Amino acid sequence: MTNAPRWVPLWFRIATIYGVVALTGAAFGAPAGAAALPHYAFVGTALAFHALFWIIAGDPVRYRPVMLAAVAEKAAFTIPALLLVARGTVPASTALFAAIDAVLGIGFLLAWRATPRRAG
């Protein structure tokens, strides 16, 4: 039986912890009125993905195919956030969080490449 490199589960655990802390803080900063719904939907969906990251960390070889969904989750925030920063429609500080997600997403892609396919 082959295992994933040691850094792969650690990378997914770090991403989970960072994400839960960042998203929990964001949950308390919801806008008022109708804008609250998409905000809470975003936070809830992102938290669900961070639960998935924790599961992937538990058995990276088994959940290797799901790592590509993790890459997509990071791109789904990073790309629009950077575009909106460039247009000046969101605060420049958003670029920091987009950059962190970009690094995590690239790490997820590298983890997918480094993790062997499941035998059988």
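In which crossing, left-handed or right-handed, does α3 pass α4? The structure examined here is a predicted model, in which local features need pLDDT of at least 70, side-chain atom pairs count only at pLDDT 80 or more, and totals for chains, interfaces and linings use all residues. Residues are numbered from 1 along each chain as its sequence is written, and side-chain values use heavy atoms, with hydrogens and water left out.

The protein chain contains 4 helices and 0 strands, where helices (H or I, at least four residues) and strands (E, at least two) are DSSP runs numbered from the N terminus. The order of elements from the N terminus is α-α-α-α. Along its principal axes, the C-alpha trace spans about 50 × 25 × 20 Å. Of the 120 residues, 29% count as buried; buried denotes under 20% relative accessible area, exposed over 50%, and partly exposed the range in between (1.4 Å probe, protein chains only). Among contacts (heavy atoms within 4.5 Å) between residues at least 6 apart in sequence, 68% join residues at least 24 apart.

The crossing of α3 over α4 is left-handed; this term applies if the near helix is turned anticlockwise from the far one by less than a right angle, whereas a clockwise turn is right-handed. The axes of helix α3 (residues 67-87) and α4 come within 8 Å and cross at roughly 155°. Axes are lines fitted to C-alpha atoms, for helices over the stretch in contact, and angles run from 0 to 180 degrees between N-to-C directions. The two helices α3 and α4 are therefore roughly antiparallel to each other, on a scale where angles under 35 degrees count as roughly parallel, over 145 as roughly antiparallel, 65 to 115 as roughly perpendicular and the rest as oblique. Residues of α3 that meet α4 include L68, V71, F77 and L82, and their counterparts in α4 include F97, L104, F108 and W112.

Helix α1 also packs against α4. The axes of α1 and α4 come within 10 Å and cross at roughly 155°, and the pair is therefore roughly antiparallel. This crossing of α1 and α4 is left-handed. On the α1 side the interface includes W7, W11, F12 and Y18, and on the α4 side it includes I100, L104, F108 and A111. Two residues of α4 illustrate these contacts. L104, in helix α4, counts as buried at 7% relative accessibility. Leaving aside neighbours within four places in sequence, L104 is in contact with W11, A15, Y18 and K74. The C-alpha atoms of L104 and A70 are 9.3 Å apart, although 34 residues separate the two in sequence. A111, likewise in helix α4, is buried with a relative accessible area of 0%. With neighbours within four places in sequence again left aside, A111 is in contact with W7, V8, F12 and M67. The C-alpha atoms of A111 and P5 are separated by 8.3 Å, with these positions 106 residues apart along the chain.

Between α1 and α2, the axes come within 8 Å and cross at roughly 160°. That makes α1 roughly antiparallel to α2, and α1 passes α2 in a left-handed crossing. Among the α1 residues in this interface are F12, R13, V20 and L23, which face α2 residues including Y40, V43, F53 and W54. The charged end of R13 sits over the ring of W54, 3.9 Å from its centre; the criterion is that NZ of Lys or CZ of Arg is within 6 Å of the ring centre and within 35 degrees of the ring normal.

Aromatic pairs were assigned to rings of Phe, Tyr and Trp (its six-membered ring) with centres within 6.5 Å; planes under 30 degrees apart count as stacked, over 60 as edge-to-face and the rest as tilted. The count comes to 5 aromatic pairs. The rings of F12 and F53 have centres 6.3 Å apart and planes at 65°, so the pair is edge-to-face. F12 lies in helix α1 (residues 7-27) and F53 in helix α2 (residues 36-58), so this pair ties together parts that are 41 residues apart in sequence. Both F12 and F53 are buried. For F12 and F108, the ring centres are 4.4 Å apart and the planes are at 5°, so the pair is stacked. With F12 in helix α1 and F108 in helix α4 (residues 94-114), the pair ties together parts that are 96 residues apart in sequence. The relative accessible area is 0% for F12 and 0% for F108. F12, F49, F53 and F108 form one aromatic cluster.
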